[in-house]
2 protein chains.
Amino acid sequence: LIDETEPQPKRRGPKPESSLLRRQGKRQDIIEVTAKLMQAHGYNGVTLKSLASEMNVTEPALYHYFDSKQDLLFVIVQQTIDNVLEKVTGLVQQAIPSALKLQQVLLLFSNQIIEQMPMFATYFQDRGELSQERSAEIRTKERHLIHLIADVIAQGMETGEFRKEADPLVTAFALIGASAWVYRWYDPAGRISPEDLSRQIAAVGLNGCLTDKGRELLESQN
Amino acid sequence: LIDETEPQPKRRGPKPESSLLRRQGKRQDIIEVTAKLMQAHGYNGVTLKSLASEMNVTEPALYHYFDSKQDLLFVIVQQTIDNVLEKVTGLVQQAIPSALKLQQVLLLFSNQIIEQMPMFATYFQDRGELSQERSAEIRTKERHLIHLIADVIAQGMETGEFRKEADPLVTAFALIGASAWVYRWYDPAGRISPEDLSRQIAAVGLNGCLTDKGRELLESQN
C-alpha cells in the first residue's frame, strides 16, 4: 500500500528538533554561567565581554541569544520566580492538612535555593537592577507567592494546626527569610550537607508555627 | 586668694566641647543621610555630589568629614555591626535561662533592624562593595556575632529548653534571616506596626526552637 521505494527527503544536517534542543541547551548554559558570574561579582561586575570570555565564545555569539546584560538578568530572575511559583502552586492545591502543606513548601523552597544557589543569589542581590517595568512584573509574582504561603498559614491557624501569635503574612515572610538567607552564608563544601541544611531550616520554620495539635497531625501523616 | 580681677582668656567662638559635639552630630547626620540614599539607590547609585546636594552643603564640606564614598559605606557597615555586637554581647552574658536570652536577642535584633532600616538595608545590600581588607574585618565580627547566638542555642539544647532537630549554627542563621529579611519587604507605614512586627518575628523564631520545657520556663520568667 505504501510504495517503499519512494525516495526519502534528503537530510541536510541534523533534524530541526535536535538543533532547537541544542540551541535551547546553549541558551540555558549562558543563563547559568551568567548567574554564577553575577553571584561572584554582582550585576555591575559582569560584562558581556567577561561572560563571552568565561564561556569561550565571541560576544556576537552571545547576542545571538540575548540582546543585553539587562535581558539576561531578567531571564534569570523570571525563571527563578516562575519555577518556585509553579511548584508552590502545585503543592498548596493538594487536599492535605495545612501542616503538611507548609512542611512541603518549606522543604521545596530550601531545596530550590540550595540547588540553584547562583540563580537565587543573583535574584536576591541584583533584582534591584531591573527596569521599573520589569521590576513591577516580578513584584506581582512575588506578592502572589507570599500570599499563597500566607494563605496556608492562615488556614492552619483556623484549623488549630498553627499558633496565632503572629500575622500570617509576617510569618510567611519570616519563613521565607530564614530559607533565603542561606544564599549569604552557606558553603556547600562545608560540614553541613545540602540535604541536612534544607531539612533543618524547614524544621525550624515549621516548629515556629506548629501547635501540639498540628505536630500530632503531622506525625500521623509522615 | 584668687585675684578675681585677673582677666579671663578671651573666648574665640564657642567652647571646644560644644564645637566637637556639633562636629560629631554633623558627621552622624552625613552617615544617616548616606544610608537613606544608599537604601533607595544602592551604593553605585549614590555620589558624593548627590549626597552634598541632598544635605544642602558643598562637596568640599563633606570631604571635611569623609575621604570617600567607600569610607562612608565602611562607617555605616561598621557602626551597624558594632552596635548589634555590643548589645548582643551584653545580653548573652546575663545569668538567665537560654530561652530568655534568645528571646531578648531576637527582640533586640528585630527592633534594631526596624528602627535603623536604612543602615541595615545598606549593610545587607552593599556590604559586598567594601574592599577585601575591610570586608574581612567585618566578616570576623559577623562570625563572632553568629557564634554568640549559636552558643546560646547550643546551651539551650543541653538544658532541654530547645529542640535538637537543627544544628545550632544553622538555627542561628535561620533566625537571623527571618529578622533580617524585613529590610526587603516591610513598609513601616503599612498595617503592621513596628512594635508588632518585631514581637511577632521574635515569637516565630523562638517557637522554632522551644521545647515544652523551654516554653514553661520562659512563661514562668516573663
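Which residues does Leu102(A) touch, not counting residues up to four places away in sequence? In this predicted model, the contacts of Leu102(A) that satisfy this condition are with Ile149(A), Val152(A), Ile153(A), Phe162(A), Leu175(A), Leu206(A) and Cys209(A). The largest nonpolar core comprises 150 residues, and within this core Leu102(A) and its counterpart Leu102(B) are the residues that touch the most other members. In soluble globular proteins, nonpolar side chains tend to be buried together.

The arrangement of the two chains was examined next. Chain B is superposed on chain A by a rotation of 180° with 0.0 Å of shift along the rotation axis, the RMSD being 0.0 Å, and this is the relation of a two-fold axis. Among the residues of chain B, the closest approach to the rotation axis is made by Gly208(B), the C-alpha of which lies at 1.8 Å. Because 100% of the interface residues of chain B are also interface residues in chain A, the copies meet through the same surface.

The second largest pocket encloses about 260 Å³ of space, and of the 13 residues in its lining, Glu165(A), Gln103(B), Ala203(B), Leu206(B) and Leu218(B) are the closest to its centre. Two or more lining residues are given by each of helix H5 (98-115), helix H10 (194-207) and helix H11 (212-221) of chain B, with the largest share, 5 residues, coming from H10(B). Classified by residue type, the lining of the second largest pocket consists of 6 nonpolar, 3 polar and 4 charged residues.

Definitions and conventions
Residues are numbered from 1 along each chain as its sequence is written. Chains are lettered from A and ligands numbered from 1 in the order in which they are written. This is a predicted model: local features need pLDDT of at least 70, side-chain atom pairs count only at pLDDT 80 or more; totals for chains, interfaces and linings use all residues. Side-chain values use heavy atoms; hydrogens and water are left out. A nonpolar core is a set of buried Ala, Val, Leu, Ile, Met, Phe, Trp, Tyr and Cys residues joined through side-chain atoms within 4.5 Å. Buried means under 20% relative accessible area, exposed over 50%, partly exposed in between (1.4 Å probe, protein chains only). Contact means heavy atoms within 4.5 Å. Copies are superposed by least squares on the C-alpha atoms of residues with pLDDT of at least 70 in both. On a 1 Å grid over the protein atoms alone, a cavity is a set of points where a 1.4 Å probe fits but cannot get out, and a pocket is an open set with protein on both sides within 12 Å along at least five of seven lines; lining residues have an atom within 4 Å of a point. Grid points are joined across faces, edges and corners, and a volume is the space filled by probe spheres set on the points. Helices (H or I, at least four residues) and strands (E, at least two) are DSSP runs, numbered from the N terminus. Ala, Val, Leu, Ile, Met, Phe, Trp, Tyr, Cys and Pro count as nonpolar, Asp, Glu, Lys and Arg as charged, and the others, Gly among them, as polar.
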